[in-house]
Amino acid sequence: MRLTIDTEMDTYEQAIAAVQAAYGLRPDVPVAWPDAPATEQRPDPQDLAADDLAGGWTDQLLFQLIAALMPGARAVLRRITELGGTASYDDVQQHFAHHPTHPIPVSRIGGTLTSVRAAQRHLGPDGAGPLLQRDERARRYRIDNVLVPGLQRAFALADARPDLLRGQPSEPTA
């Protein structure tokens, strides 16, 4: 869990209330604080399944991986996941060439995706093949079909909890 308190704007009472609300210790928050975090149960990575999907990958590990990625690499991995786990280099390059929130020049897509390999080396299961496979001859990216639903669940949690993602604002979601 990540909680950000602005020591210049938030009062001591607001900071204490935020910590207590985040841990579900106190349902009430100061009335003068309109942006207080919601006190209802927020989804958590521990809510994801720890069952082996394939090669040691679990929903929890997939979430940890996407949370560790830089926003551009996360956006590319999401796009490939949305396309069912397979996409041509050209489709990905064209999609991100003029993307409104994550533009990536054609010459940088490969470099952007190196963070997927790096994150997998640190967070992925031992001995697992690459999550994102590249077929240079066919010019395609591919994710094993059994991992696509797990990635979809991980991205759904990422949408609900952007505060847990690298490179994202840590504002509480309502």
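The following exchange asks how the labels given to parts of this predicted model are justified.

Me: What makes Asp-159 and Arg-78 a salt bridge?
Reply: The closest N and O atoms of Asp-159 and Arg-78 are 2.7 Å apart, and because the rule asks for a side-chain nitrogen of Lys or Arg within 4 Å of a carboxyl oxygen of Asp or Glu, the pair qualifies as a salt bridge. Asp-159 belongs to helix α6 and Arg-78 to helix α3, so the pair ties together parts that are 81 residues apart in sequence.

Me: Why is Arg-78 called partly exposed?
Reply: Its relative accessible area is 22%, and since buried means under 20% and exposed over 50%, Arg-78 falls in between and is therefore partly exposed.

Me: How many salt bridges are there by this rule, and which residue does Asp-163 pair with?
Reply: The count comes to 6 salt bridges. Asp-163 pairs with Arg-161, with 2.8 Å between the closest N and O atoms.

Me: Are Asp-163 and Arg-161 buried or exposed, and how do you know?
Reply: Asp-163 has a relative accessible area of 2% and Arg-161 one of 5%; the limit for buried is under 20%, so Asp-163 counts as buried, and so does Arg-161.

Me: How do Arg-142 and Asp-144 stand on the scale of exposure?
Reply: These two side chains also meet in a salt bridge, at 3.2 Å from N to O, but Arg-142 has 36% relative accessibility and is partly exposed, and Asp-144, at 28%, is likewise partly exposed.

Me: Why is His-122 called exposed?
Reply: His-122, which lies in helix α5 (residues 109–123), has a relative accessible area of 67%, and because exposed means over 50%, the label follows. In space, His-122 is 8.9 Å from Leu-65, C-alpha to C-alpha, although 57 residues separate the two in sequence.

Me: What makes Leu-3, Ile-5 and Val-19 a nonpolar patch?
Reply: A patch takes residues with over 30% relative accessible area and no salt bridge, and joins nonpolar side chains within 5 Å. Val-19, in helix α1 (residues 12–22), has 34% and is partly exposed, so it passes the area limit; together the three residues offer about 190 Å² of accessible area.

Me: Which residues touch the most other members of the largest nonpolar core?
Reply: Among the 36 residues of that core, they are Phe-63, Ile-66, Leu-77, Leu-131 and Ile-143. The elements giving two or more residues to the core are α2, α3, α4 (89–97), α5 and α6. Leu-131 touches, among others, Trp-57, Leu-62, Leu-77, Ile-143 and Leu-151.

Me: How do you know that the span of helix α6 is close to what is expected?
Reply: Helix α6 (residues 148–160) has 13 residues and reaches 18 Å from its first C-alpha to its last, close to the 18 Å expected at 1.5 Å a residue. Its buried residues, including Leu-151 and Phe-155, pack against α2 (59–68) and α3 (71–82).

Me: What is notable about phi of Arg-139?
Reply: Phi of Arg-139 is near 55 degrees, a positive value in a residue other than glycine. Arg-139 sits in the loop between β2 (133–135) and β3 (140–142), and at a relative accessible area of 37% it is partly exposed.

Key:
Residues numbered from 1 in each chain as written. Predicted model: local features only at pLDDT ≥ 70, side-chain atom pairs only at ≥ 80, totals over all residues. Heavy atoms only, no water. Helix = DSSP H or I, 4+ residues; strand = E, 2+ residues; numbered from the N terminus. Expected span 1.5 Å × (residues − 1). Buried < 20%, exposed > 50% of the residue type's maximum accessible area, 1.4 Å probe, protein only. Contact = heavy atoms within 4.5 Å. Patch = residues over 30% accessible without salt bridge, like charges linked within 9 Å, V, L, I, M, F, W, Y side chains within 5 Å. Areas by Shrake-Rupley, 256 points an atom, 1.4 Å probe, with all protein chains shown as cover. Core = buried A, V, L, I, M, F, W, Y, C linked by side-chain atoms within 4.5 Å. Lists of a residue's contacts leave out its neighbours within four places in sequence.
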